[in-house]
Amino acid sequence: MTVALIRLIARSDQQSRLSFLIPVFVGVALGSASPALASAQVCQGTLLQLQVQERGSSATDRFRFSLRLQAEAPSKAAAMALLNQRLDRARQDLKPFALGALNIPAPRSYSHGGGSSSSPKLERATTSLSGDVGHSNYDALIQLAGRLPGVRLQGITSLASNSGGEALDDQLLKRALKQGRRRANVTASALGLGRVDLLRINQGGGGVRPVAYAEARMSKPAFRPDEAPKPTRSLSLGLDYCLR
């Protein structure tokens, strides 16, 4: 009698545990599917997909310059030694004009030339030097880069201040949304529909536009910072509207 009672209690406990396990698993399965169903947006009308782009410029706060340094010699060791000399001079001469630290990556070297008398084989060592410069030293840095041996100005990029860039981003976003709404309203009107609902926004961005320097411009007596292209940003929005 005692053994039969123990077995009966054990079977009851096992059935009780199984009866509680089944609803839990069902609940998890339903819970994982519910958010996907809730987030789906269905257009009960005409789906209009637009791509809107806006571009604008802001005031220049400073400039980022990039210089290429190069040295050639019959051997790799001699080329690297000459490059180090030119780098030391460039660093010392440019540091008073730069805002903050200079950025100098590790140098690299490679062979070029065919090894003939007319084109002897040489080792070339290169690196770069970049940093920021303000309005007052804009022209002085360009002129100095043109005088340093083995140094070539690769480009200067106009930069906006953090607050100026954020303000421009806000303006571009508002303009893009306004343009998208206007185009959606025009399309709805042309179709004889009166309701426009925004379903989705997919935002992409751009960057600043670099200042390009042609060789002919290097003969100018002076470079004025106000003549440089202003920092330019671009914004791209993918907009989905439901027209009804």
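I count a salt bridge when a side-chain nitrogen of Lys or Arg lies within 4 Å of a carboxyl oxygen of Asp or Glu. With that in hand, I opened this predicted model and went looking.

**Entry 1: salt bridges in helix α2**

I began with R91 and D88, whose side chains meet in a salt bridge at 3.0 Å, N to O. The two residues are three apart in helix α2, so about one helical turn separates R91 from D88. I checked their exposure too: R91 is partly exposed at 31% relative accessibility, and D88 is partly exposed at 37%.

I then looked up a second pair in that helix. The side chains of R89 and D93 form a salt bridge at 3.4 Å, N to O. Here the spacing is four residues within α2, again about one helical turn. R89 has 45% relative accessibility and counts as partly exposed; D93, with 26%, is partly exposed as well. I also noted a network: salt bridges with shared partners join D61, R62, R64 and D132.

**Entry 2: a salt bridge between strands**

How many salt bridges does the whole structure hold? My search found 13. One of them pairs R124 with E72, with the closest N and O atoms 2.4 Å apart. I traced where the partners sit: R124 is in strand β5 and E72 in strand β2, 52 residues apart, so this pair links distant parts of the chain. Is R124 buried or exposed? R124 is buried, because its relative accessible area of 18% falls under the 20% cut-off. E72, at 31%, counts as partly exposed. A reminder to myself: side chains of opposite charge can pair when their charged atoms come close.

**Entry 3: the overall layout**

I stepped back to see the chain as a whole. I get four helices and nine strands, and from the N terminus they run α-β-β-α-β-β-β-α-β-α-β-β-β. The chain has 244 residues, and 28% of them count as buried. It exposes about 15200 Å², with carbon and sulfur atoms supplying 54% of that area. I also looked at contacts with a sequence separation of 6 or more: residues 24 or more positions apart account for 84% of them.

**Entry 4: the disulfide**

I searched for disulfides and found one. The partners are C43 and C242, with their sulfur atoms 2.1 Å apart. Which parts of the chain does this pair tie together? C43 lies in the loop between α1 (2-39) and β1 (46-57), and C242 in strand β9 (residues 232-243), so the disulfide joins parts that are 199 residues apart in sequence. I read a torsion of about 85° about the S-S bond, so the disulfide is right-handed. Both cysteines are buried.

**Entry 5: the nonpolar cores**

Next I went through the largest nonpolar core, which has 27 residues. Which of its members touch the most others? They are F65, L67, L69, L94, L129, Y138 and I156. I listed the elements that each give at least two residues to this core: β2 (62-73), α2 (76-94), β3 (98-103), β5 (122-133), α3 (138-147) and β6. Strand β2 has the largest share, with six residues. I noted another core lying apart from this one; it has 14 residues, including A176, A188, L237 and L239.

I picked L67 for a closer look. Leaving out residues up to four places away in sequence, L67 touches L94, T127, S128, L129, A145, V151, R152, L153 and Q154.

**Entry 6: S158 and P225**

I finished with two single residues. S158 lies in strand β6 (residues 151-159) and, at 0% relative accessibility, counts as buried. What does the side chain of S158 have a polar atom close to? I find the backbone oxygen of P229 2.6 Å from a polar atom of that side chain.

P225 sits in the loop between β8 (210-211) and β9. With a relative accessible area of 22%, P225 is partly exposed. Not counting residues up to four places away in sequence, P225 touches F63, H135 and Y138. I also took the C-alpha to C-alpha distance from P225 to D139: 7.4 Å in space, for residues 86 apart in sequence. Y138 turns up twice in my notes, as a contact of P225 and as a member of the largest nonpolar core.

Conventions. Residues are numbered from 1 along each chain as its sequence is written. This is a predicted model: local features need pLDDT of at least 70, side-chain atom pairs count only at pLDDT 80 or more; totals for chains, interfaces and linings use all residues. Side-chain values use heavy atoms; hydrogens and water are left out. A disulfide is a pair of cysteine sulfur atoms within 2.5 Å. Buried means under 20% relative accessible area, exposed over 50%, partly exposed in between (1.4 Å probe, protein chains only). A polar contact is a pair of N or O atoms within 3.5 Å; within protein, one must be able to donate a hydrogen and the other to accept it, and residues adjacent in sequence count only if both atoms are side-chain atoms. A nonpolar core is a set of buried Ala, Val, Leu, Ile, Met, Phe, Trp, Tyr and Cys residues joined through side-chain atoms within 4.5 Å. Contact means heavy atoms within 4.5 Å. Accessible areas come from the Shrake-Rupley method with a 1.4 Å probe; for residues, only the protein chains shown count as cover.
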